[in-house]
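Work through the exercises below with the structure open. Try each task before you read its solution.

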Amino acid sequence: MRQTPDFDEVINRFGTHSVKWDGMEPIFGVPAADGISMWVADMDFRPPQAVQQALESMLAHGIYGYFGDDAAYHAAIRWWMQNRHGWAVEKDWVFTTHGLVNGTAIAVDAFSAPGDSVVLMTPVYHAFARVIRAAGREVVECPLALVGNRYELDFATWDAQMTGREKMLILSSPHNPGGRVWSVEELRGVAEFCTRHDLVLVSDEIHHDLLMPGQHHTVMALAAPEIAPRLVTLSATTKTFNIAGAHIGNVIIADPGLRARFAARMAALGISPNSFGMAMATAAYSPEGSAWLDALRLYLDGNRQLFDAGVNAIPGLRSMPLEATYLAWVDFSGTGMEVDEFTRRVEKLARIAANHGPSFGRGGESFLRFNLATPRKLVSEAVARLQAAFADLQ
């Protein structure tokens, strides 16, 4: 009998080596005593019971050797992609990395050289720029167009920015931090842009299961099949099922040439998966995991509605409509305040830790990112605190 998930349960994560909660005070100065942590993109919910049972089975056995026979793991991936996304993935296409930041870093290493440029559509997930620069490559920021309260692609402007030194584009799909679900037409536009400029396209689709009601994500491989000779897709169980600590992700490459180049870097770096992550991912990509995800998505939508209604009632604040992910992207530019002032109010007056917008690159300067994947009681409290912190505007 499947257990109904209790997303309302407030679980104390302090003292558990949680970067999200134990790092809140030293990093943001938000007091542990009564602060609300809404920054790092992990959830404050337990994963499906099947994941817990898979770990308990390993613990009961008591021997933790090298992982072998990955047939069930690959079958689970293929089942999930076919059933949830309509995508037929072959076993030979899949590489397992230590999470998708690691997968991104290996892709940068495999498909570019020091001194090359890598294109990002900013603002975008901050770890991309970090690994690109650490590898001795240049980041080329192509700012998304903010039209009303929604991001749109601006190919005409970006075409003019290209110099020929660019070797790769990393796409966030669905978009983090803006929460956009790119349409098939938009995805085809990205594919055409990469073809025009001879770029390898790395499509990070880690949030592709975390959709709001009525939204549909199309994997890049299906939106633009002709891009296969230059396409690398990133996916993982970690965001979907809140098992980021497993540090496991999949790099999916259909093209044999790209696959050989990626495999060579994997071999040179000695990358192999850990047993715990493999067991957790196999258990998560299951009918039980699918039912848990359906319940999660409804809960996250309720949190989104509560947060947006409360924040958008504050003059000068504007929460971008969230189509996917659980990350609210709030624009404070309407307050007329400098970054230091609105950030101070959130951290010191509201006692909330949120990601700073400038870390996401050009276009993020007036924003903060709030993680809504927490019990509704905490979302409600966060809204009340924000309204109090900006009460002078009302």
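**Exercise 1: A pair of strands**

Find the residue that stands opposite methionine 121 in E4.

Solution. Methionine 121 faces cysteine 142 of E4. Keep in mind that this is a predicted model. Next, look at the strands. Strand E3 covers residues 117-122. E3 and E4 are joined by six bridges and run parallel.

**Exercise 2: The whole sheet**

State the order of the strands in the open sheet, and name its edge strands.

Solution. Start with the order. Seven strands line up as E2-E10-E9-E8-E7-E3-E4. The sheet is open and its pairing is mixed. In general, strands of a sheet pair through backbone hydrogen bonds, either parallel or antiparallel. Now go to the edges. Strand E2 (94-97) and strand E4 (138-143) each pair on one side only. Last, take the twist. On average, neighbouring strands are turned by 25° against each other, direction ignored.

Which strands does H5 touch as it packs on the sheet? Helix H5 touches E2, E7, E8, E9 and E10. Its direction makes about 160° with that of E7.

**Exercise 3: Strand E7**

Trace the partners of E7, then explain why it is largely enclosed.

Solution. Take one partner, E3. E3 and E7 pair in the parallel sense over four bridges. Valine 119 stands opposite leucine 169 in E7. Then take E8. Five bridges join E7 to E8, and the two run parallel. Here leucine 171 has serine 203 in E8 as its bridge partner. Now count burial. Six of the seven residues of E7 are buried, so the rest of the structure largely encloses this strand.

**Exercise 4: Serine 235**

Is serine 235 buried or exposed?

Solution. Locate the residue: serine 235 lies in strand E9. Read its relative accessible area, which is 0%. Buried means under 20%. Serine 235 is therefore buried. Now list its contacts, leaving aside neighbours within four places in sequence. They are Met81, Leu100, His208, Gly249, Asn250 and Ile252.

**Exercise 5: The largest pocket**

Describe the lining of the largest pocket.

Solution. Begin with the space: the largest pocket holds about 1100 Å³. Count the lining next. It has 41 residues, and Val40, Ala41, Asp42, Ala244 and Gly245 lie nearest the centre. Then name the elements. Helix H5 (100-111), helix H6 (126-134) and helix H10 (238-241) each give two or more residues to this lining. Finish by sorting the lining residues: 17 are nonpolar, 16 polar and eight charged.

Methods. Residues numbered from 1 in each chain as written. Predicted model: local features only at pLDDT ≥ 70, side-chain atom pairs only at ≥ 80, totals over all residues. Heavy atoms only, no water. 1 Å grid on protein atoms, 1.4 Å probe; cavity = no way out; pocket = protein on both sides within 12 Å on 5 of 7 lines; lining within 4 Å. Points joined across faces, edges and corners; volume = space filled by probe spheres on them. Nonpolar A, V, L, I, M, F, W, Y, C, P; charged D, E, K, R; others polar. Pairing = 2+ DSSP bridges. Axes fitted to C-alpha atoms, helices over the stretch in contact; angles between N-to-C directions. Contact = heavy atoms within 4.5 Å. Buried < 20%, exposed > 50% of the residue type's maximum accessible area, 1.4 Å probe, protein only.
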